[in-house]
Amino acid sequence: MSEQIYIGVDLGGTTVKVGICDKDGKLVQTYEGPTESEGGYELVTDNINTYVKKIVESSTYSWDNVAGIGAGIAGFVDKNGFVKKAANLGWENVHVKNVLEEKIGKPVIVNNDANVAALGEAWSGAGAGAGVSDVVCYTLGTGVGGGIIIENKIHQGFNGMAGEIGHMSVVPDLEAIQCGCGQKGCLETVSSATGIIRMAKDAVERGDRTSLSLLETITAKDVFDAARVNDEVAIRIVKRAAYYLGRSMSALAVVLNPQRFIVGGGVSKAGDILFDQVRENFKTFTPGALQEGVDIVPAKLGNDAGIVGAAGLNLFKI
Ligand SMILES: [Zn+2]
(Lines give C-alpha, C1' and ligand atoms only; values in the text may rest on other atoms or scores of the structure.)
Protein backbone atom coordinates (compact mmCIF):
# COMPACT_ATOMS: atom_id res chain seq x y z
CA MET A 1 0.00 0.00 0.00
CA SER A 2 1.61 3.23 -1.07
CA GLU A 3 -1.05 5.69 0.06
CA GLN A 4 0.41 8.44 2.21
CA ILE A 5 -1.26 9.34 5.48
CA TYR A 6 -0.67 12.27 7.80
CA ILE A 7 -0.88 12.16 11.57
CA GLY A 8 -2.07 15.14 13.58
CA VAL A 9 -1.49 15.63 17.29
CA ASP A 10 -3.55 18.09 19.32
CA LEU A 11 -1.53 18.47 22.50
CA GLY A 12 -3.71 19.79 25.29
CA GLY A 13 -2.93 20.29 28.97
CA THR A 14 -4.84 17.16 30.04
CA THR A 15 -5.47 15.16 26.85
CA VAL A 16 -3.48 14.33 23.74
CA LYS A 17 -5.71 13.78 20.72
CA VAL A 18 -4.20 11.99 17.76
CA GLY A 19 -5.72 11.48 14.33
CA ILE A 20 -4.95 9.99 10.95
CA CYS A 21 -5.84 12.09 7.90
CA ASP A 22 -5.72 11.12 4.26
CA LYS A 23 -4.21 13.44 1.65
CA ASP A 24 -7.51 15.30 1.28
CA GLY A 25 -7.74 16.15 4.97
CA LYS A 26 -10.36 13.56 5.79
CA LEU A 27 -10.03 12.41 9.38
CA VAL A 28 -10.18 8.62 9.19
CA GLN A 29 -9.29 7.57 12.71
CA THR A 30 -8.74 9.14 16.13
CA TYR A 31 -7.22 8.13 19.42
CA GLU A 32 -6.70 9.95 22.68
CA GLY A 33 -4.80 9.48 25.89
CA PRO A 34 -3.72 11.47 28.94
CA THR A 35 -1.05 14.15 28.55
CA GLU A 36 0.43 13.64 32.04
CA SER A 37 2.00 17.08 31.84
CA GLU A 38 3.07 16.86 35.50
CA GLY A 39 5.67 14.33 34.32
CA GLY A 40 7.52 16.95 32.26
CA TYR A 41 8.22 17.02 28.55
CA GLU A 42 10.09 13.70 28.55
CA LEU A 43 7.00 11.80 29.70
CA VAL A 44 4.64 13.86 27.52
CA THR A 45 6.69 13.24 24.38
CA ASP A 46 6.97 9.53 25.31
CA ASN A 47 3.17 9.48 25.55
CA ILE A 48 2.79 11.16 22.16
CA ASN A 49 5.13 8.59 20.62
CA THR A 50 3.11 5.76 22.18
CA TYR A 51 -0.24 7.17 20.99
CA VAL A 52 1.07 7.76 17.46
CA LYS A 53 2.37 4.20 17.22
CA LYS A 54 -0.89 2.84 18.69
CA ILE A 55 -3.16 4.64 16.25
CA VAL A 56 -1.17 3.36 13.27
CA GLU A 57 -1.11 -0.20 14.65
CA SER A 58 -4.86 -0.18 15.14
CA SER A 59 -5.51 1.19 11.64
CA THR A 60 -5.46 -0.50 8.25
CA TYR A 61 -2.27 1.43 7.41
CA SER A 62 1.33 0.47 8.03
CA TRP A 63 4.09 2.64 9.46
CA ASP A 64 5.47 3.06 5.91
CA ASN A 65 2.31 4.93 4.92
CA VAL A 66 3.02 7.69 7.44
CA ALA A 67 4.37 10.72 5.56
CA GLY A 68 4.79 12.86 8.64
CA ILE A 69 3.48 14.00 11.98
CA GLY A 70 2.28 17.45 12.95
CA ALA A 71 1.50 18.83 16.38
CA GLY A 72 -0.41 21.88 17.60
CA ILE A 73 0.54 23.34 20.97
CA ALA A 74 -1.02 26.21 22.92
CA GLY A 75 1.80 28.62 23.46
CA PHE A 76 4.61 30.40 21.76
CA VAL A 77 6.22 28.10 19.21
CA ASP A 78 8.84 29.42 16.79
CA LYS A 79 9.33 28.38 13.18
CA ASN A 80 11.83 25.67 14.12
CA GLY A 81 9.45 23.83 16.42
CA PHE A 82 11.06 25.31 19.51
CA VAL A 83 8.55 25.93 22.30
CA LYS A 84 9.55 29.11 24.11
CA LYS A 85 6.66 28.87 26.52
CA ALA A 86 3.59 26.68 26.84
CA ALA A 87 1.89 27.65 30.10
CA ASN A 88 -0.69 24.84 30.19
CA LEU A 89 2.05 22.23 29.80
CA GLY A 90 4.50 23.99 32.09
CA TRP A 91 7.12 23.98 29.33
CA GLU A 92 9.79 26.54 28.73
CA ASN A 93 12.50 26.31 26.07
CA VAL A 94 11.78 22.81 24.80
CA HIS A 95 12.90 21.85 21.30
CA VAL A 96 9.85 19.67 20.91
CA LYS A 97 10.30 19.04 17.19
CA ASN A 98 13.75 17.50 17.72
CA VAL A 99 12.64 15.48 20.75
CA LEU A 100 9.62 14.06 18.92
CA GLU A 101 11.52 13.30 15.71
CA GLU A 102 14.10 11.36 17.66
CA LYS A 103 11.47 9.32 19.48
CA ILE A 104 9.03 8.78 16.63
CA GLY A 105 11.49 8.41 13.77
CA LYS A 106 9.44 10.41 11.25
CA PRO A 107 9.44 14.10 10.24
CA VAL A 108 7.60 16.24 12.79
CA ILE A 109 6.34 19.81 12.35
CA VAL A 110 5.10 21.80 15.34
CA ASN A 111 3.05 24.99 15.37
CA ASN A 112 0.80 27.08 17.58
CA ASP A 113 -2.65 25.54 18.16
CA ALA A 114 -4.65 28.47 16.81
CA ASN A 115 -2.61 28.52 13.60
CA VAL A 116 -3.02 24.79 13.25
CA ALA A 117 -6.81 24.96 13.74
CA ALA A 118 -6.93 27.66 11.05
CA LEU A 119 -5.04 25.41 8.66
CA GLY A 120 -7.45 22.56 9.44
CA GLU A 121 -10.48 24.69 8.64
CA ALA A 122 -8.88 26.10 5.49
CA TRP A 123 -7.83 22.65 4.27
CA SER A 124 -10.83 20.46 4.96
CA GLY A 125 -13.37 22.51 6.92
CA ALA A 126 -15.18 25.72 6.05
CA GLY A 127 -12.44 26.69 3.57
CA ALA A 128 -12.41 23.42 1.68
CA GLY A 129 -13.13 23.29 -2.03
CA ALA A 130 -13.68 26.15 -4.45
CA GLY A 131 -9.95 26.92 -4.33
CA VAL A 132 -10.03 28.93 -1.13
CA SER A 133 -6.36 29.54 -0.39
CA ASP A 134 -6.48 32.76 1.65
CA VAL A 135 -8.38 32.55 4.89
CA VAL A 136 -8.51 34.27 8.26
CA CYS A 137 -9.86 32.18 11.14
CA TYR A 138 -11.30 33.50 14.36
CA THR A 139 -11.89 31.31 17.41
CA LEU A 140 -14.29 33.01 19.80
CA GLY A 141 -13.98 31.29 23.15
CA THR A 142 -12.66 32.39 26.53
CA GLY A 143 -10.37 34.58 24.45
CA VAL A 144 -10.25 35.40 20.75
CA GLY A 145 -7.75 33.24 18.91
CA GLY A 146 -6.76 33.55 15.31
CA GLY A 147 -4.84 32.13 12.43
CA ILE A 148 -4.01 33.50 9.00
CA ILE A 149 -3.61 31.27 5.96
CA ILE A 150 -2.08 32.86 2.88
CA GLU A 151 -1.73 30.80 -0.28
CA ASN A 152 -2.42 27.62 1.71
CA LYS A 153 0.30 28.35 4.23
CA ILE A 154 0.18 29.58 7.81
CA HIS A 155 1.37 33.17 7.91
CA GLN A 156 3.72 33.22 10.89
CA GLY A 157 5.42 36.60 10.77
CA PHE A 158 9.14 37.09 11.37
CA ASN A 159 8.98 35.83 14.93
CA GLY A 160 6.18 33.32 14.59
CA MET A 161 3.64 35.52 16.36
CA ALA A 162 1.35 36.56 13.50
CA GLY A 163 -2.38 35.86 13.76
CA GLU A 164 -2.94 37.25 17.27
CA ILE A 165 -6.08 38.93 16.03
CA GLY A 166 -7.72 38.87 19.45
CA HIS A 167 -5.24 41.55 20.45
CA MET A 168 -6.01 44.01 17.68
CA SER A 169 -6.67 47.26 19.50
CA VAL A 170 -10.17 48.20 18.37
CA VAL A 171 -12.04 49.79 21.28
CA PRO A 172 -11.66 53.60 21.62
CA ASP A 173 -9.58 54.73 24.61
CA LEU A 174 -12.46 56.07 26.69
CA GLU A 175 -14.26 52.71 26.61
CA ALA A 176 -11.22 50.46 26.57
CA ILE A 177 -10.63 48.04 29.38
CA GLN A 178 -7.54 46.08 30.36
CA CYS A 179 -6.75 42.91 28.39
CA GLY A 180 -4.80 39.91 29.68
CA CYS A 181 -2.02 40.68 27.18
CA GLY A 182 -1.12 43.89 29.01
CA GLN A 183 -2.72 46.26 26.50
CA LYS A 184 -6.12 47.94 26.54
CA GLY A 185 -9.09 47.79 24.21
CA CYS A 186 -8.26 44.51 22.48
CA LEU A 187 -10.93 42.74 20.41
CA GLU A 188 -10.82 39.95 22.99
CA THR A 189 -12.17 42.30 25.67
CA VAL A 190 -15.48 42.73 23.79
CA SER A 191 -15.98 39.80 21.41
CA SER A 192 -14.89 36.76 23.46
CA ALA A 193 -17.28 34.85 25.71
CA THR A 194 -15.49 36.47 28.64
CA GLY A 195 -16.02 39.93 27.16
CA ILE A 196 -19.70 39.31 26.45
CA ILE A 197 -20.27 38.03 30.00
CA ARG A 198 -18.43 41.01 31.44
CA MET A 199 -20.59 43.49 29.49
CA ALA A 200 -23.71 41.67 30.72
CA LYS A 201 -22.55 41.76 34.34
CA ASP A 202 -21.72 45.47 34.04
CA ALA A 203 -25.21 46.16 32.74
CA VAL A 204 -26.81 44.21 35.58
CA GLU A 205 -24.63 45.99 38.14
CA ARG A 206 -25.58 49.36 36.66
CA GLY A 207 -29.21 48.40 37.18
CA ASP A 208 -30.16 48.28 33.49
CA ARG A 209 -33.53 46.66 32.90
CA THR A 210 -32.76 43.21 31.55
CA SER A 211 -33.89 39.62 31.99
CA LEU A 212 -30.20 38.78 32.55
CA SER A 213 -30.48 40.26 36.05
CA LEU A 214 -32.65 37.29 37.03
CA LEU A 215 -29.85 34.80 36.38
CA GLU A 216 -27.46 33.63 39.06
CA THR A 217 -24.61 33.17 36.62
CA ILE A 218 -24.57 34.57 33.10
CA THR A 219 -23.08 32.75 30.11
CA ALA A 220 -22.50 34.11 26.61
CA LYS A 221 -25.28 31.79 25.42
CA ASP A 222 -27.69 33.43 27.92
CA VAL A 223 -26.91 36.81 26.37
CA PHE A 224 -27.61 35.56 22.82
CA ASP A 225 -30.79 33.80 23.98
CA ALA A 226 -32.02 36.98 25.65
CA ALA A 227 -31.20 39.00 22.52
CA ARG A 228 -33.30 36.59 20.45
CA VAL A 229 -36.34 37.39 22.57
CA ASN A 230 -35.72 41.13 22.25
CA ASP A 231 -34.05 41.92 25.55
CA GLU A 232 -32.70 45.36 24.69
CA VAL A 233 -29.64 45.17 26.89
CA ALA A 234 -28.68 41.78 25.43
CA ILE A 235 -29.22 43.11 21.90
CA ARG A 236 -26.91 46.03 22.66
CA ILE A 237 -24.19 43.67 23.92
CA VAL A 238 -24.44 41.37 20.88
CA LYS A 239 -24.32 44.42 18.60
CA ARG A 240 -21.19 45.65 20.31
CA ALA A 241 -19.41 42.28 20.05
CA ALA A 242 -20.44 42.03 16.37
CA TYR A 243 -19.47 45.61 15.63
CA TYR A 244 -15.88 45.13 16.70
CA LEU A 245 -15.62 41.75 15.01
CA GLY A 246 -16.84 43.27 11.75
CA ARG A 247 -14.47 46.21 12.08
CA SER A 248 -11.51 43.95 12.80
CA MET A 249 -12.33 41.91 9.69
CA SER A 250 -12.48 45.10 7.68
CA ALA A 251 -9.02 46.07 8.91
CA LEU A 252 -7.68 42.63 7.99
CA ALA A 253 -9.42 42.65 4.61
CA VAL A 254 -7.70 45.81 3.44
CA VAL A 255 -4.31 44.42 4.41
CA LEU A 256 -4.60 40.73 3.49
CA ASN A 257 -7.56 40.47 1.11
CA PRO A 258 -8.59 37.00 2.30
CA GLN A 259 -11.36 35.22 0.42
CA ARG A 260 -13.03 33.90 3.54
CA PHE A 261 -13.33 34.66 7.23
CA ILE A 262 -14.06 31.53 9.22
CA VAL A 263 -15.46 31.98 12.71
CA GLY A 264 -15.42 29.12 15.21
CA GLY A 265 -15.36 28.57 18.96
CA GLY A 266 -18.23 28.46 21.46
CA VAL A 267 -19.50 32.00 20.77
CA SER A 268 -19.88 31.26 17.05
CA LYS A 269 -22.65 28.79 17.93
CA ALA A 270 -24.88 31.86 18.42
CA GLY A 271 -25.47 31.58 14.66
CA ASP A 272 -27.29 34.15 12.55
CA ILE A 273 -27.95 36.63 15.33
CA LEU A 274 -24.18 37.14 15.48
CA PHE A 275 -23.14 36.44 11.89
CA ASP A 276 -25.75 38.72 10.27
CA GLN A 277 -24.47 41.68 12.25
CA VAL A 278 -20.82 40.86 11.74
CA ARG A 279 -21.47 40.74 7.98
CA GLU A 280 -23.35 44.02 8.10
CA ASN A 281 -20.53 45.77 9.94
CA PHE A 282 -17.94 44.29 7.60
CA LYS A 283 -19.94 45.74 4.69
CA THR A 284 -20.19 49.14 6.34
CA PHE A 285 -16.48 49.54 6.96
CA THR A 286 -14.83 47.79 4.00
CA PRO A 287 -14.21 49.40 0.60
CA GLY A 288 -16.38 47.78 -2.08
CA ALA A 289 -13.56 46.24 -4.08
CA LEU A 290 -12.28 44.49 -0.97
CA GLN A 291 -15.69 43.02 -0.19
CA GLU A 292 -16.10 41.39 -3.58
CA GLY A 293 -16.16 37.60 -3.36
CA VAL A 294 -15.38 37.68 0.37
CA ASP A 295 -17.59 35.80 2.78
CA ILE A 296 -17.88 35.29 6.53
CA VAL A 297 -18.86 31.75 7.52
CA PRO A 298 -19.02 29.52 10.60
CA ALA A 299 -16.28 26.96 11.17
CA LYS A 300 -17.13 23.35 10.34
CA LEU A 301 -14.67 21.04 12.06
CA GLY A 302 -15.35 21.97 15.68
CA ASN A 303 -12.86 20.33 18.04
CA ASP A 304 -11.31 18.28 15.22
CA ALA A 305 -9.81 21.37 13.55
CA GLY A 306 -6.67 21.06 15.67
CA ILE A 307 -5.97 17.43 14.76
CA VAL A 308 -6.74 17.92 11.07
CA GLY A 309 -4.64 21.07 10.81
CA ALA A 310 -1.73 19.43 12.63
CA ALA A 311 -1.87 16.56 10.15
CA GLY A 312 -1.84 19.11 7.32
CA LEU A 313 1.40 20.72 8.51
CA ASN A 314 3.39 18.04 6.72
CA LEU A 315 1.37 18.05 3.52
CA PHE A 316 1.69 21.81 3.15
CA LYS A 317 5.28 21.74 4.46
CA ILE A 318 4.64 24.48 6.95
ZN1 LIG B 1 -4.94 41.90 24.36
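Is cysteine 186 buried or exposed? Select cysteine 186 to begin: its relative accessibility is 0%, so it counts as buried, the cut-off for that being under 20%. Keep in mind throughout that the model is predicted.

**Cysteines**

Stay with the cysteines and select cysteine 137. Its relative accessibility is 6%, so cysteine 137 also counts as buried. A disulfide is a covalent bond between the sulfur atoms of two cysteines. A search of the whole structure turns up 0 disulfides. Cysteine 137 accordingly takes part in none, and the nearest cysteine sulfur to it belongs to cysteine 21, 16 Å away.

**Tyrosine 6**

Next, go to strand E1, residues 5-11, and pick out tyrosine 6 within it. With 6% relative accessibility, tyrosine 6 counts as buried. Show what surrounds it, leaving out neighbours within four places in sequence. The residues in contact with tyrosine 6 include Gly19, Ile20, Cys21, Asp22 and Lys23. Also among them are Ala67 and Gly68, together with Ala311, Asn314 and Leu315. For a distance check, draw a line from the C-alpha of tyrosine 6 to that of asparagine 303: the two are 18 Å apart in space and 297 residues apart in sequence.

**Helices H5 and H6**

Now select helix H5, residues 193-206, and helix H6, residues 220-228. The axes of H5 and H6 come within 8 Å and cross at roughly 60 degrees. The crossing is left-handed. On the H5 side, display Ala193, Ile196, Ile197 and Ala200; on the H6 side, display Ala220, Val223 and Phe224. This contact of H5 with H6 has 7 nonpolar residues, no polar ones and no charged ones.

**Helices H5 and H7**

Keep H5 on screen and add helix H7, residues 232-256. H5 and H7 pack at an angle of about 145 degrees, and their axes are 10 Å apart. The crossing of H5 and H7 is right-handed. Here H5 contributes Ile196, Met199, Ala200, Ala203 and Arg206, while H7 contributes Val233, Arg236, Ile237, Arg240 and Ala241. By class, the contact of H5 with H7 divides into 7 nonpolar, no polar and 3 charged residues.

**Helices H7 and H8**

Hide H5 and bring up helix H8, residues 272-285, beside H7. What is the angle at which H7 and H8 cross? It is roughly 45 degrees, and the axes come within 7 Å. That angle makes H7 oblique to H8. The crossing of H7 and H8 is right-handed. From H7, select Val238, Lys239, Ala242, Tyr243, Leu245, Gly246, Arg247, Met249, Ser250 and Ala253. From H8, add Ile273, Leu274, Gln277, Val278, Asn281, Phe282 and Phe285 to complete the contact. The contact of H7 with H8 counts 11 nonpolar, 4 polar and 2 charged residues.

**Valine 238**

End on valine 238, which lies in H7. Valine 238 counts as buried because its relative accessibility is 2%. Which residues does valine 238 touch, not counting those up to four places away in sequence? They are Val223, Phe224, Ala227, Ile273 and Gln277. Two of these names have come up in the contact of H5 with H6, where Val223 and Phe224 sit on the H6 side. Ile273 and Gln277 appear on the H8 side of the contact with H7. As a last selection, choose tyrosine 61: its C-alpha is separated from that of valine 238 by 48 Å, and the two residues are 177 apart along the chain.

Terms used: Residues are numbered from 1 along each chain as its sequence is written. This is a predicted model: local features need pLDDT of at least 70, side-chain atom pairs count only at pLDDT 80 or more; totals for chains, interfaces and linings use all residues. Side-chain values use heavy atoms; hydrogens and water are left out. Axes are lines fitted to C-alpha atoms, for helices over the stretch in contact, and angles run from 0 to 180 degrees between N-to-C directions. Helices (H or I, at least four residues) and strands (E, at least two) are DSSP runs, numbered from the N terminus. Angles under 35 degrees count as roughly parallel, over 145 as roughly antiparallel, 65 to 115 as roughly perpendicular and the rest as oblique. A crossing is left-handed if the near helix is turned anticlockwise from the far one by less than a right angle, and right-handed if clockwise. Contact means heavy atoms within 4.5 Å. Ala, Val, Leu, Ile, Met, Phe, Trp, Tyr, Cys and Pro count as nonpolar, Asp, Glu, Lys and Arg as charged, and the others, Gly among them, as polar. A disulfide is a pair of cysteine sulfur atoms within 2.5 Å. Buried means under 20% relative accessible area, exposed over 50%, partly exposed in between (1.4 Å probe, protein chains only).
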